[in-house]
Amino acid sequence: MQETKMQFSFGDGRKLLIETSPEVFQPTGTSGVLVDGVTISLTKPEKILDLGCGTGVVGLALSQEGLADGPIYASDLSAEAVELTRSNFIAAGREVIGKVGKIFDPWVGEQFDVIVDDISGVAQEIADISSWFQNVPCDSGADGIALVSQVVLEAPNYLKPGGRLFFPALSLSDAPRLLALARQNFSEVKIVNTKTWPLPADIASHRELIMRLVSEGKIAVEEKFGLMLWKTDIYMASL
Ligand SMILES: C[S@@+](CC[C@H](N)C(=O)[O-])C[C@H]1O[C@@H](n2cnc3c(N)ncnc32)[C@H](O)[C@@H]1O
């Protein structure tokens, strides 16, 4: 695997040095908004699953925050991602149990206090034109929520009593439908962090496609200051 180092910055100025690779999802602003949302919501170390771990950036940041009770558990559909996660944890002197597999397949019989989901959740036609998912699995369906919906439906089986699921709901997917599903499956669903971003140029240049997806209700984009804006909302769903 051809690896390069990347310094990742979080909202509060913390920095994390990790290896990345062209075959593995490159951490984005959403990774940081997710870590910050989880960090402000947890008050003690817990048993944490990093689902859709990519480079391992989310789990590693939470481990370094002292929020992991024992190792971080991490999985991804991509074997290269899990390999990179293991080497990033080794380099940081942190403990991880990494497994390869689809959604919850690697964790049958396990239960966690906290599941942090970051599995691909962007409308397929957006994923196809973006640089985010080059060489990275993103079988997230026309409205972007095919995989995350499965996470929301199955997560209760993998959570201990009182457990919580954190997940990003991106406006580049049908976030309202995802939230309605989460509210049917959890007793409380609340937003813990949010950030609005300008659409990257490689996506914004496909204006006609974007407007069609908006009119079909598959994504939501706001036009302001001559920019097209989209949003990452981080939710905490409690059993
Ligand atoms: C948006 S990236 C997030 C990676 C990492 N958490 C980060 O912040 O950089 C989504 C990850 O989900 C993984 N993925 C895609 N489909 C999956 C599936 N069906 N089951 C498990 N992981 C999947 C991808 O390989 C990718 O690493």
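This report describes the ligand site, two loop residues and one helix of a predicted model.

## The ligand and its surroundings

The ligand occupies the space of the largest pocket, and 19 residues lie around it, of which Ser31, Gly52, Asp76, Ile103 and Asp118 come nearest. Two of the polar contacts involve side chains: an oxygen atom of the ligand is 2.7 Å from an N or O atom in the side chain of Ser31, and an oxygen atom of the ligand is 2.6 Å from an N or O atom in the side chain of Asp76. With Ile103 the backbone takes part, since one of its N or O atoms lies 2.9 Å from a nitrogen atom of the ligand. On its own the ligand has 590 Å² of accessible area, and the protein covers 96% of that area.

## Ser31 in helix H1

Ser31, whose side chain makes the 2.7 Å approach to a ligand oxygen, belongs to helix H1, which spans residues 29–41. Its relative accessibility is 3%, and because buried means under 20%, Ser31 counts as buried.

Beyond its neighbours within four places in sequence, Ser31 is in contact with Phe8, Val57 and Val58. Phe8 stands 23 residues away from Ser31 along the chain, yet the C-alpha atoms of the two residues are separated by 9.4 Å.

## Two loop residues with positive phi

Ile103, which offers a backbone atom to the ligand, is placed in the loop between strand S5 (96–100) and S6. Its phi is near 40°, a positive value in a residue other than glycine, and at 7% relative accessibility Ile103 counts as buried.

Asn135 also is not a glycine and has a positive phi, here of about 65°, and its place is in the loop between helix H4 (124–129) and H5. Is Asn135 buried or exposed? With a relative accessible area of 59%, Asn135 is exposed, because the cut-off for that term is over 50%.

## Helix H5 and its packing

Helix H5 covers residues 146–154, and within this helix Leu147, Val148, Ser149, Val151 and Val152 are buried. These buried residues pack against three strands and one helix, namely strand S3 (48–51), strand S6 (112–117), strand S7 (159–170) and helix H6 (175–185). Strand S6 thus appears twice in this account, as a packing partner of the buried residues of H5 and as one of the two strands that flank the loop of Ile103.

Notes. Residues are numbered from 1 along each chain as its sequence is written. This is a predicted model: local features need pLDDT of at least 70, side-chain atom pairs count only at pLDDT 80 or more; totals for chains, interfaces and linings use all residues. Side-chain values use heavy atoms; hydrogens and water are left out. Buried means under 20% relative accessible area, exposed over 50%, partly exposed in between (1.4 Å probe, protein chains only). Helices (H or I, at least four residues) and strands (E, at least two) are DSSP runs, numbered from the N terminus. Contact means heavy atoms within 4.5 Å. A residue is near a molecule or strand if one of its heavy atoms lies within 4 Å of it. A polar contact is a pair of N or O atoms within 3.5 Å; within protein, one must be able to donate a hydrogen and the other to accept it, and residues adjacent in sequence count only if both atoms are side-chain atoms. Accessible areas come from the Shrake-Rupley method with a 1.4 Å probe; for residues, only the protein chains shown count as cover. On a 1 Å grid over the protein atoms alone, a cavity is a set of points where a 1.4 Å probe fits but cannot get out, and a pocket is an open set with protein on both sides within 12 Å along at least five of seven lines; lining residues have an atom within 4 Å of a point. A molecule sits in a cavity or pocket if more than half of its atoms lie within 2 Å of its grid points.
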